[in-house]
Amino acid sequence: MSDTTDPIVRIRGLRKAFGEHVVLSGIDWDVAASQVVVVIGPSGSGKSTFLRCCNGLERPEGGRVEICGRTLVDEGVMLPEPELNRLRQEVGMVFQAFNLFPHLSVLDNITIGPRKLRGLSRADAEAAARALLEKVGLTQKADAMPASLSGGQKQRVAIARALAMQPRVMLFDEPTSALDPELVDEVLQVMKLLAADGMTMMVVTHEMGFAREVADVVLVMDGGGIIEAGPPDVIFSQPTQERTRSFLQAVLKNQ
């Protein structure tokens, strides 16, 4: 458990099932402000569902999630939709599949949220968007359409779009899994920059090098629960669980 007395994310007894299939079997965890939590584990262990329960994309049947000072869900009761939408403005999420609007330019993809939801003027939204494009190394792509971008560029635009809402927490659901291997590093470099800037991050990934370098804590999931957690140097060099050892052995031989 995090030792902070005032976590930005607090999860207690989180349970989720799809029909008879139990996906999350009772998770407790705290995330401190500016902490980078990397979640690893085999496919089907519940990692993505865990993340999606942290911004209301999945409704858990049991347990409690508090994020950014508000109760997102308590024993299956979610925030009302208007409040949920306001909370999501503080919790950015980056998906595997980019989810850019194909009919909008890069600049318009990034500015639509701040203009529609935060009430920014076009000029202010575009100035902020151009600063974010510089941050992710895509200044020259402001007027490009998504179809003309590589996968790595699309994912960097997706990160800029999430950052444009000025979130307090960023969730990343396997952000590099859909990318060709040579494009992975350009996305990871942006995420490393965010971590260095103090962004609170929860990251589901199979990129063990990123986990070793950037994580404050690594959570290992299997069977719908956290089977092991600790600093990356401990998890990768001295795991206590045989399931962790076998998973890392299988993953690391391919990286």
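Contact here means that heavy atoms lie within 4.5 Å of each other. The exercises concern a predicted model, in which local features need pLDDT of at least 70 and side-chain atom pairs count only at pLDDT 80 or more, while totals for chains, interfaces and linings use all residues. Residues are numbered from 1 along each chain as its sequence is written, and side-chain values use heavy atoms, with hydrogens and water left out.

**Exercise 1. Find what Ala-195 touches, and decide whether Ala-195 is buried or exposed.**

Step one is to place the residue: Ala-195 lies in helix 6, where helices (H or I, at least four residues) and strands (E, at least two) are DSSP runs numbered from the N terminus. Step two is to list its partners, which, not counting residues up to four places away in sequence, are Val-36, Met-201 and Val-214. Step three looks along the chain: Ser-34 is 161 residues apart from Ala-195, yet their C-alpha atoms are separated by 7.6 Å. Finally, Ala-195 counts as buried because its relative accessibility is 16%, given that buried means under 20% relative accessible area, exposed over 50% and partly exposed in between (1.4 Å probe, protein chains only).

**Exercise 2. Describe the largest nonpolar core and say which helix gives the most to it.**

A nonpolar core is a set of buried Ala, Val, Leu, Ile, Met, Phe, Trp, Tyr and Cys residues joined through side-chain atoms within 4.5 Å. The largest one has 50 residues, and those with the most contacts inside it are Ile-159, Met-170, Phe-172, Met-191 and Met-201. Helix 6 (residues 181-196) gives the most to this core, with eight residues. A second, separate core has 33 residues, including Ile-11, Leu-24, Val-37 and Met-93. To follow one residue of the largest core, take Met-191, which touches Ile-159, Phe-172, Pro-175, Met-201, Val-203 and Phe-210 when residues up to four places away in sequence are not counted.

**Exercise 3. Work out how helix 5 and helix 6 are arranged.**

Two packed helices are described by the angle between their axes and the distance between the axes. Axes are lines fitted to C-alpha atoms, for helices over the stretch in contact, and angles run from 0 to 180 degrees between N-to-C directions. The axes of helix 5 (residues 151-163) and helix 6 come within 8 Å and cross at roughly 20°. Helix 5 and helix 6 are therefore roughly parallel to each other, since angles under 35 degrees count as roughly parallel, over 145 as roughly antiparallel, 65 to 115 as roughly perpendicular and the rest as oblique. Among the residues that make the contact are Gln-155 and Ile-159 of helix 5, together with Val-187 and Met-191 of helix 6.

**Exercise 4. Do the same for helix 3 and helix 4.**

Helix 3 (residues 106-117) and helix 4 (residues 122-135) pack at an angle of about 125°, with their axes 9 Å apart. That angle makes helix 3 oblique to helix 4. On the side of helix 3, the residues that meet helix 4 include Ile-110 and Pro-114, and those they meet in helix 4 include Ala-129 and Leu-133.

**Exercise 5. Locate Cys-68 and Glu-174, and give the phi of each.**

Cys-68 is in the loop between strand 4 (62-67) and strand 5 (70-74), and has a positive phi of about 55° although it is not a glycine. Cys-68 counts as buried, at 7% relative accessibility. Glu-174 is in the loop between strand 8 (169-173) and helix 6, and its phi, near 45°, is a positive value in a residue other than glycine. Glu-174 is buried, with a relative accessible area of 13%.
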